[in-house]
Amino acid sequence: MSVSTLSTSTQNYLKAIWSLGEWSADPVSASALAARVGVRLSTVSDAVRKLTEQGLLEHTRYGAIALSALGHEYALAMVRRHRLLETFLVEVLEYSWDQVHDEAEHLEHAVSDFLIERIDQHLGHPARDPHGDPIPTSDGHVDRPDAMLLAAVPIGSTARVERISDDDPHLLTYFAEQGIGVGTELEVRPGAPYSEAIEVALSGVAAGLSLGRSATSSVWVSVIAQPATS
């Protein structure tokens with residue numbers, strides 16, 4: 001059965017629940033889901049109850065919210081739609097990476113499964129979207145990169161950017177202006193004392209860029225060189 005048979009609201013809830021657990025090990029709570037979808041907690045509670053009755057969620061009173069096997073299948077279909085649309089908008093229509101999230105949010109509910117598969121073929125079956133998020137395959141496989149938060153990388157390491165959260169378009173614009181994107185190699189240096197910041201520099205570049213916790217907690221990297229030990 002196609003995900004197009006579900007209501008827009010149901011599509012949004014299933015995608016949001018899957019997304020909340022993609023890069024976090026924390027259980028999905030009703031309050032986190034409400035913040036993600038942008039509705040009141042009481043609205044989420046009613047929706048979770050209905051989706052559980054429909055067999056799309058697994059949830060006990062006051063417990064974590066989880067997708068059922070069927071709900072997981074639908075959620076991945078929505079994530080695939082969203083990320084393929086973002087990739088199409090950037091690669092074909094030349095949107096910037098900070099513009100595509102909201103556009104894809106609207107389009108993903110209107111496109112057909114056929115159109116999504118044609119977009120996938122046209123793009124050459126991309127594995128990652130413009131922000132580095134993995135694009136689920138048509139059979140539901142997700143090849144997530146082995147990555148850690150930039151905030152947790154040891155000082156002195158060299159790291160490659162694997163993913164940047166698209167929650168803050170202004171941050172994406174800032175990174176683009178600094179030449180930082182998916183695939184960029186960064187040297188991680190110490191920041192100012194007591195600042196909770198680190199300094200990063202494009203590999204081989206002397207000048208560094210100071211990044212605070214809000215920025216370093218939005219970037220996932222793979223470490224390609226450890227700091228030298230004495």
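## Strand E4 and its partners

E4 and E8 run antiparallel and are joined by six bridges. In this predicted model, Thr158 of E4 has Ala225 as its bridge partner in E8. On the E5 side, Thr158 stands opposite Glu187, and Ala159 stands opposite Leu186. E4 covers residues 158–164 and E5 covers residues 185–190; the two strands pair in the antiparallel sense over three bridges.

E4 is mostly covered, with six of its seven residues buried.

## The sheet as a whole

E4 belongs to an open sheet of six strands, arranged in the order E3-E8-E4-E5-E6-E7 with antiparallel pairing. Strand E3 (148–149) and strand E7 (209–211) are the edges, and each of them pairs on one side only.

Beyond E5 comes strand E6, residues 198–202, which pairs with E5 in the antiparallel sense over five bridges. Pro190 has Ile198 of E6 as its bridge partner. Ile198 also has a bridge partner in E7, namely Leu211. E6 and E7 run antiparallel and are joined by three bridges. These two strands form a hairpin with six residues between them, and Gly204 in the turn has a positive phi of about 85°.

## Helix H7 against the sheet

Helix H7 (residues 169–177) packs on the sheet, where it touches E4, E7 and strand E8 (219–225). The direction of H7 makes about 160° with that of E7. Leu171, Leu172 and Phe175 are the buried residues of H7. Seen down the helix axis, these buried residues fall within an arc of 100°, so they line one face of H7. Their cover includes E4, E7, E8 and helix H8 (213–216). On the face turned away from the buried side, H7 carries the exposed residues His170 and Glu177.

The N-terminal end of H7 is capped by Asp168: a side-chain oxygen of Asp168 lies 2.9 Å from the backbone nitrogen of His170. His170 thus appears twice in this description, in the cap and on the exposed face. After H7 comes Gly179, whose phi is positive, near 80°.

## Nonpolar cores

In soluble globular proteins, nonpolar side chains tend to be buried together. The largest nonpolar core in this model has 24 residues, and those with the most contacts inside it are Leu14, Leu33, Leu57, Ile65 and Leu67. Two or more residues come from each of helix H1 (8–22), helix H2 (30–37), helix H3 (41–53), strand E2 (65–67) and helix H4 (69–91). H1 gives the most to this core, with six residues.

A second core, separate from the largest one, has 19 residues and includes Leu150, Val153, Val161 and Leu211. Leu211 is also the E7 residue that bridges to Ile198.

Returning to the largest core, Leu14 is in contact with Leu6, Leu56, Leu57, Leu67, Gly71, Tyr74 and Ala75, leaving aside its neighbours within four places in sequence.

## Two buried polar residues

Glu108 lies in the loop between helix H5 (100–107) and helix H6 (113–123). Glu108 has a relative accessible area of 0% and therefore counts as buried, the cut-off being under 20%. Not counting residues up to four places away in sequence, Glu108 touches Asn12, Lys15, Met78, Arg81, His82 and Leu85. Glu108 and Leu84 are 24 residues apart in sequence, while their C-alpha atoms are 9.4 Å apart in space.

Thr87 is found in helix H4. With a relative accessible area of 1%, Thr87 is buried by the same cut-off. Apart from its neighbours within four places in sequence, Thr87 is in contact with Val92, Leu123, Pro126, Arg128, Asp129, Pro130 and Ile135.

Note on methods. Residues numbered from 1 in each chain as written. Predicted model: local features only at pLDDT ≥ 70, side-chain atom pairs only at ≥ 80, totals over all residues. Heavy atoms only, no water. Core = buried A, V, L, I, M, F, W, Y, C linked by side-chain atoms within 4.5 Å. Buried < 20%, exposed > 50% of the residue type's maximum accessible area, 1.4 Å probe, protein only. Helix = DSSP H or I, 4+ residues; strand = E, 2+ residues; numbered from the N terminus. Contact = heavy atoms within 4.5 Å. Pairing = 2+ DSSP bridges. Axes fitted to C-alpha atoms, helices over the stretch in contact; angles between N-to-C directions. Arc of directions from axis to C-beta. Polar contact = N/O pair within 3.5 Å; in protein donor to acceptor, adjacent residues only side chain to side chain.
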